[in-house]
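Hi,

Here is the structure I promised to pass along. Have a look at it first, and then read my notes underneath.

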Amino acid sequence: MKSERITLATAGLVIALTTVGTVAPWLTVGVVDWRAAFEAVLAWSTVLFTATALLWVVLTYVVGAGYESPESEYGPDEIQVRILTIDAADVVQSTVDSLPAAFDDVRVIAESEIDVDGATVHVVPEKFDCDAVRKGRAIEWARRTLETDREFVLYLDEDSVLEEFSGLPDADVVQFQERPRRTGSVLPYLADVYRMGVQLEQRAFARLSIPLFAWGGGIAVRTSLEDAVTWNRETLVEDTAFVWRAFDEYDASFALAEDVCRNEAPPSLYEIAQQRRRWAAGNLEATRLLPARYRVLTRVRNYAWALSPIVTLVAVPLSVLGVAVYGGVFFLLSVALAAFTLFWYVRGALAYGREAARLLLAVPLVPVVSLVHSLGTVVGILAPPENFRVTTKVGPDE
């Protein structure tokens, strides 16, 4: 992660110096050729983001073309549901209440005693010790402690409302789709809508040797695979780390389910920045579990997402205002990439069905929304968190 930090810090310093050089050029005389440095940052950011966008197109519309979730073969009677929480009883109760009645083995894994109707609550003992930390530690305790003869364990976050369930296909890992709902500030919600458009690439994951990421808020794992892989590793992204090891060492199979979890979008700009910070830092740290080609791919993608707002918030506006900082080819690329960000947001909005019309009214805010989406990635690379931080949940009554 050190190389990413140095590069991002250098890019930030160049942007800061060139800003000063633009406003007060006499202050940077002899220090930096601000125009040349600015052009270099913009050019390399544009090239990197272009490569990432083209890869996304290949994944989504070539590798993932025509993907449909396999037919369901396992029903609720072959699944144990485990809901992870610290102590958010009201939020968990709403999640349990939303589950189809056919689920008859629902467990809540908590850090302290809470009352939840319709589920058995288990508290992780303070004395339990393993390599995994925080959420991963709780999942590992549950794996070791809760006996089950069910074929699958379905993990849900405390706020993952699953209103419909059509069964699980015959795959070792089944990823549910997510559809965040607004709980507070508008911009974090819109950033999650944007992320839903980007996550169309998940339909290609079943055709890759290793999925590029996983979402643990709605994921079903075959019990035998879980016992082989375990969750016993120190990481900030226990879900992705589990899947990476499962596919690299055990040749697991993947399916993207049709069913959707309505989880909570972060309620504030601070919360979404901290969430994305953890994801970015955790993913980069966990790349040690990947073979070299996937390690490079994952790190480049994280770096590109961190720099992506430079294209839409700097390159395009400057060119529109007549400040041509580089040639026509790069300008056309930056405009094309700006169009990509609009496309991702629109595709994310359309996934919301009846809510789409209202969400499309926010299209003019997409450059700012992409910044909100990416800012935490920058922070995660420059200042990775030392501990797992749970995103604040608002709950059903607020």
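**What I found**

Of the 398 residues in the chain, 55% are buried. Keep in mind as you read that this is a predicted model. The secondary structure adds up to 12 helices and eight strands. If you take the contacts with a separation of 6 or more, 78% of them are between residues 24 or more positions apart. On the outside, the chain exposes about 17,200 Å², and carbon and sulfur atoms supply 57% of that.

**Helix α3 and the loop after it**

Let's start with α3, which covers residues 89-98. Its buried residues are V91, V92, Q93, T95, V96 and S98. What do they pack against? Four strands: β1 (79-84), β2 (106-110), β4 (152-157) and β5 (161-162).

Between α3 and β2 there is a loop, and A102 sits in it. A102 has a relative accessible area of 47%, so it counts as partly exposed. Its C-alpha atom is 9.4 Å from that of F165, although the two residues are 63 apart along the chain.

**Two crossing helices**

Next, look at α5 (residues 186-198) and α12 (residues 366-382). Their axes come within 8 Å and cross at roughly 85°. Angles of 65 to 115 degrees count as roughly perpendicular, so that is how α5 lies relative to α12. On the α5 side, the contact is made by L187, P188, L190, A191, Y194 and R195. The α12 side brings V368, V369, S370, V372 and H373.

**Salt bridges**

There are 21 salt bridges in the structure, and I picked out a few for you.

E226 pairs with R82, with the closest N and O atoms 3.8 Å apart. This one links distant parts of the chain: E226 is in helix α6 (residues 223-229) and R82 is in strand β1, 144 residues apart. Are these two buried or exposed? Both E226 and R82 are buried.

K135, in helix α4 (residues 134-145), is worth a click, as it turns up in two of the pairs I picked. One partner is D157, where the closest N and O atoms are 2.6 Å apart. D157 belongs to strand β4, and the pair links parts of the chain that are 22 residues apart. Buried means under 20% relative accessible area, so D157 at 17% makes the cut. K135 is also at 17%, and therefore counts as buried too.

The other partner is E238, with the closest N and O atoms 3.7 Å from each other. Because E238 lies in helix α7 (residues 238-250) and K135 in α4, this pair ties together parts that are 103 residues apart in sequence. E238 is buried, just as K135 is.

Beyond these pairs, you can also find a network of salt bridges, which links E140, R143, R144 and D227.

**Two backbone angles to check**

Which residues other than glycine have a positive phi? R134 is one of them, with phi near 45°. R134 is placed in helix α4, and with a relative accessible area of 38% it is partly exposed. T230 is another, with phi near 65°. You will find T230 in the loop between α6 and α7. Unlike R134, which is partly exposed, T230 is buried, with a relative accessible area of 17%.

**A nonpolar patch on the surface**

Last stop: V58, Y61, V62 and F343 form a nonpolar patch on the surface. Together they have about 340 Å² of accessible area. Which helix gives the most to this patch? That would be α2 (residues 34-63), with three residues. V58 is in α2, and it is partly exposed, with a relative accessible area of 39%.

That's the tour. Shout if you have trouble opening the file.

Cheers

Key: Residues numbered from 1 in each chain as written. Predicted model: local features only at pLDDT ≥ 70, side-chain atom pairs only at ≥ 80, totals over all residues. Heavy atoms only, no water. Patch = residues over 30% accessible without salt bridge, like charges linked within 9 Å, V, L, I, M, F, W, Y side chains within 5 Å. Areas by Shrake-Rupley, 256 points an atom, 1.4 Å probe, with all protein chains shown as cover. Salt bridge = Lys/Arg side-chain N within 4 Å of Asp/Glu carboxyl O. Buried < 20%, exposed > 50% of the residue type's maximum accessible area, 1.4 Å probe, protein only. Contact = heavy atoms within 4.5 Å. Axes fitted to C-alpha atoms, helices over the stretch in contact; angles between N-to-C directions. Parallel < 35°, antiparallel > 145°, perpendicular 65-115°, else oblique.
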